[in-house]
Amino acid sequence: KGFVKKTVDPLQKKLEEVTTQGQALIKSAQPGSNTTGLETDLESLTDRWADLSEKVSEREKNLDGALLSAGKFQDAMASLLDWLAETEDTVANQKPPSPEQRVVKAQLQEQKLVQKM
């Protein structure tokens, strides 16, 4: 958007000035003067500007979409890193298997919880 305001908008104003001056030249030409070349050039300039403006808008839209996707990726990555750190802590703090059946059952439940994370 900064590119459009900084570069494209001033060119739009210059285009309008050139178009206005060209049309004024055509109107002020002597009757019978050949203004076809100037008319063709003005029409070509207008068409090319319209094409450029359309491409700039399309690229701006694509960039906005890419930025949105990048933001979503960053959010997903942050969540994944949080989950990974939490899982690493949980696994690092697990105690070795116990010889007591009651404790082993609790450890199995803890292991199932880790797997569901």
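## Leu80 and the surface patch

Leu80 lies in helix 2, which spans residues 36–92. The model is predicted. Leu80 has a relative accessible area of 46%. Buried means under 20% and exposed means over 50%, so a value in between counts as partly exposed. Leu80 is therefore partly exposed.

Leu80 also belongs to a nonpolar patch on the surface. Its partners there are Phe73, Met77, Leu81, Trp83 and Leu84. Together the patch residues have about 550 Å² of accessible area. Patch membership requires over 30% relative accessible area. Leu80, at 46%, fits that requirement.

## The nonpolar core

Which residues make up the largest nonpolar core? They are Val4, Val8, Leu15, Trp49 and Val56, 5 residues in all. Helix 1 (2–28) and helix 2 each supply at least two of them. Helix 1 gives the most, with 3 residues.

Leu15 has contacts beyond its sequence neighbours. Leaving aside residues up to four places away in sequence, Leu15 touches Leu45 and Trp49. Of these two, Trp49 is named in the core.

## Ser53 along helix 2

Ser53 lies in helix 2. Is Ser53 buried, exposed or partly exposed? Ser53 counts as partly exposed because its relative accessibility is 27%, which falls between the 20% and 50% limits.

How far apart are the C-alpha atoms of Ser53 and Val91? They are separated by 56 Å. Along the chain, the two residues are 38 residues apart.

Methods:
Residues numbered from 1 in each chain as written. Predicted model: local features only at pLDDT ≥ 70, side-chain atom pairs only at ≥ 80, totals over all residues. Heavy atoms only, no water. Patch = residues over 30% accessible without salt bridge, like charges linked within 9 Å, V, L, I, M, F, W, Y side chains within 5 Å. Areas by Shrake-Rupley, 256 points an atom, 1.4 Å probe, with all protein chains shown as cover. Salt bridge = Lys/Arg side-chain N within 4 Å of Asp/Glu carboxyl O. Helix = DSSP H or I, 4+ residues; strand = E, 2+ residues; numbered from the N terminus. Buried < 20%, exposed > 50% of the residue type's maximum accessible area, 1.4 Å probe, protein only. Core = buried A, V, L, I, M, F, W, Y, C linked by side-chain atoms within 4.5 Å. Contact = heavy atoms within 4.5 Å.
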